[in-house]
There are 2 protein chains.
Amino acid sequence: MPIIQALDRALKIMDLFDEYTTELKITEISARMELHKSTVHSLLKTLQMHGYINQDAETGKYKLGLKLLEKGQLMLQSLDIRTAARKHLVALSEQTGQTTHLVILDGKEGVYLDKVEGEKAAIRYSRIGRRISLHSSAVGKVLAAYRAKDEVDSLLRNYQFSKITDVTITSKDAFVNELNLVKHQGYSIDNEENEPGVRCAAAPIFEHNGSIVAAISISTLVSTVDDSLFKAYIALLQKEAEAISLTLGFRHVL
Amino acid sequence: MPIIQALDRALKIMDLFDEYTTELKITEISARMELHKSTVHSLLKTLQMHGYINQDAETGKYKLGLKLLEKGQLMLQSLDIRTAARKHLVALSEQTGQTTHLVILDGKEGVYLDKVEGEKAAIRYSRIGRRISLHSSAVGKVLAAYRAKDEVDSLLRNYQFSKITDVTITSKDAFVNELNLVKHQGYSIDNEENEPGVRCAAAPIFEHNGSIVAAISISTLVSTVDDSLFKAYIALLQKEAEAISLTLGFRHVL
DNA sequence: GAACGCTGTTTTATAATATAAAACAAATTA
DNA sequence: TAATTTGTTTTATATTATAAAACAGCGTTC
């Protein structure tokens, strides 16, 4: 695959910014990229011209620009699944007071496409655009479980089962067993496996051809939602997931 | 300002996608960019490698990628004003049932940073990341009105007063008069000037040093909100705007 | 207040890359 | 079935990106 070096470098510069690093100066970027500061300057000025990067007038430091917001939202709106799922996430959140999410698979991770915050459960981890590991989350388990066998094998090749909380699944065998359970019962759960104090359930969304396209979840605080209430929420979740699948043209109800 | 041509071209390719054009094939991009298809191929593959562009496995067409969503949300979360304003927009929307927005100035346009949809007023135009003209919108008028004199002059130099609805302001003099009125009364209104059937009011948000940093607005449907209710909403709007300014360290209440 | 250090920006020679022409394989269309 | 179009790959070379050097400005230290 051909790589355009200058473009590759510019995109890597943009990767230097994260939630803890919101601004950088040229010399810092130059050091991290191991590029001459005049090279970095040229790349930054081109990104700035297009609005992907901004330079603070007072400090001279660079930050991510509004064009990313524009393009990101444009990208989001082009996703039918997000439009189709939105009102169901809102309904489920209002019915239960909990926080609901829509997630898709990208590579070997999930990505949050939507989040509706419930007044009863402020969930900190999830955020639109953020990535979520497959093995530690309900949405991740669902997204993996319903993949074709060869796709699951490919996902698990060299997969890193990092320990996130004390109860995170950390072995491949345990994860495969969990996926079989998910497939059997039609939904998944992560019980504080990704975030202490948070229990989530997720259900699959299928498209017209029967393949999984996304997962929706409901997230609750362990301290406020007991087992029987949680089970009732799962039923509601599955109902909304099915409704979304039907609007996408899915016709097989298992 | 030095421009890196390959980067410039790649970013222009990304600009080819909009709300009506969500996917393109290489030959289409090649034609629009007037570049050889093997040049376009190299640029696309580099963008794809970083996740900014995706190629549909079935059709071979290219689309905007999830990296834009990730970076866009990262950018949004780095904005203090968005964090500071959020709960006030939610409160105002819940109190009134209407749709509320947060907008900042970028160049000669506003950009929506937040939107809270009210159950009583589904507003179609606004969307996070979208741009809004200054002369036709309440938020735009406020963002312009509170700028320093020289900044207003610069904004208006070569400004295009396009007619958007039958009642849009289309002359510079009328707009300047409007900005003076806004400054005088402390809020602005667009009465179907940007979107037929929609009336909005906006109020300024100031930061600690007294300069304007953003505007918040409340949008209503003309058919459901009469004049006296609208006036009551303006008072609530100004109250929330002032509260946000105070949290940002602003100390002068006019 | 002067000197020093660091920063961001500009200029330009040239090493290195991006570009497009040609070719190829695959898919689509007539 | 043949022709056309598409996406991908290879590679010669025209063109650009790169970094060294220099400059201006700002902040810090003495």
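This report walks through two matching protein chains, the DNA strand beside them and one sheet.

First, some ground rules. This is a predicted model, where local features need pLDDT of at least 70, side-chain atom pairs count only at pLDDT 80 or more, and totals for chains, interfaces and linings use all residues. Residues are numbered from 1 along each chain as its sequence is written, while chains are lettered from A and ligands numbered from 1 in the order in which they are written.

**Chain A overall**

Chain A has nine helices and eight strands (DSSP runs numbered from the N terminus: H or I of at least four residues for helices, E of at least two for strands). Its C-alpha trace spans about 60 × 40 × 40 Å along the principal axes. Of its 254 residues, 43% count as buried. Buried means that 20 or more other C-beta atoms, placed from the backbone, lie within 10 Å of the residue's own; 12 or fewer makes a residue exposed, and anything in between is partly exposed.

**Strand 7 of chain A**

How many residues of strand 7 (residues 198-206) of chain A are buried? Nine of its nine are. Val198(A), Cys200(A), Ala202(A), Pro204(A) and Phe206(A) point one way, while Arg199(A), Ala201(A), Ala203(A) and Ile205(A) point the other way. That fits a general pattern: in a regular strand the side chains alternate between the two faces of the sheet.

Strand 7 of chain A pairs with two strands, and pairing here needs at least two DSSP bridges. Here is how the pairs look:

| Partner of strand 7 (chain A) | Bridges, sense | Opposite residues | Hairpin turn |
|---|---|---|---|
| Strand 6 (residues 188-191) | four bridges, antiparallel | Asp190(A) and Cys200(A) | six residues; Glu192(A), positive phi of about 60° |
| Strand 8 (residues 212-221) | nine bridges, antiparallel | Ala201(A) and Ile218(A) | five residues; Gly210(A), positive phi of about 90° |

**The sheet in chain B**

Over in chain B, six strands form an open antiparallel sheet in the order 5-4-3-8-7-6. Strand 5 (131-133) and strand 6 (188-191) of chain B stand at the edges with a single partner strand each, so one side of each has no neighbour in the sheet. Neighbouring strands are turned by 35° against each other on average, direction ignored. Helix 9 (residues 227-247) of chain B packs on this sheet, touching strand 7 and strand 8 of chain B, and its direction makes about 25° with that of strand 7. For such angles, axes are lines fitted to C-alpha atoms, for helices over the stretch in contact, and values run from 0 to 180 degrees between N-to-C directions.

**How the two chains meet**

A turn of 180° and a shift of 0.0 Å along the axis lays chain B on chain A with an RMSD of 0.1 Å (least squares on the C-alpha atoms of residues with pLDDT of at least 70 in both). That is the relation of a two-fold axis. The same surface serves both copies, as 100% of the contact residues of chain B recur in chain A. Contact means C-beta atoms, placed from the backbone, within 7 Å.

The contact takes 40 residues from each of chain B and chain A. On the chain B side, helix 4 (66-77) gives the largest share, 11 residues.

**Beside the DNA**

Which residues come nearest to DNA strand D? Of the 21 around it, they are Ser38(A), Thr39(A), Lys25(B), Ile26(B) and Ser38(B). A residue is near when its C-beta atom, placed from the backbone, lies within 6 Å. Helix 3 (37-49) of chain A gives the largest share of this surface, four residues.

Notes
Two residues are in contact if their C-beta atoms, placed from the backbone, lie within 7 Å.
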